[in-house]
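This briefing goes through one protein model, from overall dimensions down to single residues. Please keep the sequence and coordinates open alongside the text.

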Amino acid sequence: MSRTMHVYQSIAQSLADHGHDMMFGLMGDANLFMVDHFVRDGGATFVPVAYEGSAVLMALAYGRVAGKVGIATVTHGPALTNCITALTEGARGHVPMVLLAGDTAVSNPHNLQNIDQREAVKVTGAGFEQMRSPETASYDVAHAIYRAQVEKRPIVLNMPADFMWQEVEHSRHVFPAFNAPAYVPEGDDLDEAVGMIASAKRPIILAGIGAKDAVEQIKKLADRLQAPLATTLKAKGMFNDHPYNIDIFGTLSTPAAYDAIAKADCVVAFGTSLHHFTTDKGALMKGKRVVQINDTVTEVAKNYHPDAALVADAGLTADNIVWWLDEAEIPGTGFTAELDMEVLTAHPKGDPDKAKPGYVNFEYALDRLEEALPKDRFLTTDGGRFMTEVWCRVSCPNAESFIATTNFGSIGLGLQVAIGAGFATPNRPVALFTGDGGFMMGGINEFNTAVRMKQDLIVIVANDSAYGAEHIQFLDRKMDPGLSMFDWPSFAQVGTALGGQGILVNSVETLEQALKAIETRDKPLLIELMLDPNDVPRMRI
């Protein structure tokens, strides 16, 4: 049934037709009426951000955690160019979302804010969809949402401002997303892969976030092979409850786990593209048969060429391998019986006495935070030299309770992702680890957004008064690191000024005060860890 309404109303109604009731954005003259209708007439929630790129990052995180297409909106010109980094992060992370981007009037090409939006979006790897006419508005919204689902990337929908007040007949359009059906492979590729796995003496099962829906089947295969389990960084926490979980595979492994991986003769990799951090640039794959299972053909051999590959569903393939092992009566390898799991998973404890006066030892602070942070936390991390130590020492409940903003190598994206994840998990606290540079770049813009929106957010700022990755490069070359160092404001005071609670940690005693504040928090909490820039652990990459 069609109804007469303005285009801005038709766009908002099309979102409601899809069941969307959450939008992140920043209003301008090309999208404000659409947002107003979405909220006031649709009963939906709009999260107003301070910087346009933040809307994209929040929508990416919200959509990924909630299991739907995230929705964001900005106006035209510089509003869209401010989203370039965020769109690239989403495109490289294969996260579906739709950005409703207003555009200058088609009839006014000389508008100061006019740009070629299609060309601007193209460089990010995101998709572009043009709203073709007022009459096709609802269809074009539906098609953008459809494309985001099947292409697994952000889609930017261009909405010319001069369409908004034109009257149209709104028709409901919702297009089902036809994904390729899951299947079990057969033929020579399967025979070769099963043969390699069956003949292995020390196999390891590796899983990436692409295998998140196959956890139980992969554990069953590991048990059948008597093989330890490991994950990529993005799948951190996937096998927390398994007795032979050696945690993150690659440069983030403990030295003992790295040695155990090196002794393996076969790696069976599910749902991962085998990034060079995972394989340590191929070093961990030497002398091993590598079998890769991925449901996306372009992810196979993307970073590393395996010995055998199956383009197939992870869970069904794991079950199928178990069936063939049983059919051939292949015995378990006994590899797990050789492993001392306590040694394999233990990182050296931090030493509180190692820090100079006025600072706190970072490893010790992380060990204490691991104990004190809420157990049901959703964990997020920004970029920076501090991050690898966080990934190794701070746990999350499962793989779907963790996001690291690592797809584009940018800092300054973590707090926005933490807010988006918080809206998708409203009854759980979100813990964010960020650096001083990252917080200044993106966090300081949006910490007040978390305050305004009453988020249960715990932000830990690792403040070494420097851009750490650059600082260590100067030191490695015996050069003066002064240009990489900054005299920042007190982030604890900034957190309080922005409406939250800020606590400065510069000793063991003040660290304990901060840990108590975690228990009593009633607003976004910012804990500033003062770190000696010459005593921050090196990145494990």
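The points below cover the whole chain, then strands, then selected residues.

The model is predicted. The protein contains 20 helices and 20 strands, and 55% of its 541 residues count as buried.

**Overall dimensions and surface**

- The radius of gyration is 25 Å, which agrees with the value near 24 Å that a compact globule of 541 residues would have.
- Along the principal axes, the C-alpha trace spans about 70 × 65 × 45 Å.
- Among contacts in the protein with a separation of 6 or more, 74% come from residues 24 or more positions apart.
- About 22500 Å² of the protein is exposed, and carbon and sulfur atoms supply 51% of that area.
- The protein has 44 positive and 66 negative charges, and the mean positions of the two sets are 3 Å apart.

**Strands β1 and β8**

- Strand β1 (residues 3-6) pairs with β8 in the antiparallel sense, over four bridges.
- Within β8, Glu 169 is the residue that Thr 4 stands opposite.
- In a regular strand, side chains alternate between the two faces of the sheet.
- Strand β8 (residues 167-170) shows this alternation: Val 168 and His 170 point to one face and are buried, whereas Glu 167 and Glu 169 point to the other and are not buried.

**Strands β12, β13 and β14**

- Strand β13 (residues 289-294) has five of its six residues buried, so it is largely enclosed by the rest of the structure.
- On one side of the pairing list, strand β12 (residues 266-270) joins β13 in the parallel sense through five bridges, with Ala 269 opposite Gln 292.
- Strand β14 (residues 308-311) also pairs with β13 in the parallel sense, over four bridges, and here Asn 294 stands opposite Val 311.

**Buried residues in strands β2 and β5**

- Met 22 belongs to strand β2 (residues 22-25). Its relative accessibility is 10%, and the cut-off for buried is under 20%, so Met 22 counts as buried.
- Beyond its neighbours within four places in sequence, Met 22 is in contact with Phe 38, Thr 45, Val 47, Tyr 62, Ile 71 and Phe 423.
- The C-alpha atoms of Met 22 and Ala 355 are separated by 45 Å, and the two residues are 333 residues apart along the chain.
- Val 98 is part of strand β5 (residues 97-103), and its relative accessibility of 1% means that Val 98 counts as buried.
- Leaving out residues up to four places away in sequence, Val 98 touches Val 69, Gly 70, Ile 71, Ala 72, Ala 144, Ile 145, Ala 148 and Ile 155.
- Ile 71 appears in the contacts of Met 22 and in those of Val 98.
- From C-alpha to C-alpha, Val 98 and Val 343 are 45 Å apart, with their positions 245 residues apart in sequence.

**Loop residues with positive phi**

- Most residues other than glycine have a negative phi.
- Gln 226 has a positive phi, near 55°. This residue is in the loop between α9 (215-225) and β10 (229-231), and its relative accessible area of 33% makes Gln 226 partly exposed.
- Ser 465, which is not a glycine, has a positive phi of about 55°. Its loop runs between β18 (457-463) and α18 (468-476), and at 22% relative accessibility Ser 465 counts as partly exposed.

Definitions and conventions
Residues are numbered from 1 along each chain as its sequence is written. This is a predicted model: local features need pLDDT of at least 70, side-chain atom pairs count only at pLDDT 80 or more; totals for chains, interfaces and linings use all residues. Side-chain values use heavy atoms; hydrogens and water are left out. Helices (H or I, at least four residues) and strands (E, at least two) are DSSP runs, numbered from the N terminus. The radius of gyration is taken over C-alpha atoms; the globule rule is 2.2 Å times the number of residues to the power 0.38. Buried means under 20% relative accessible area, exposed over 50%, partly exposed in between (1.4 Å probe, protein chains only). Contact means heavy atoms within 4.5 Å. Accessible areas come from the Shrake-Rupley method with a 1.4 Å probe; for residues, only the protein chains shown count as cover. Lys and Arg count as positive and Asp and Glu as negative; His and the chain ends are not counted. The place of a charge is taken as NZ of Lys, CZ of Arg, CG of Asp or CD of Glu. Two strands pair if DSSP finds at least two bridges between them.
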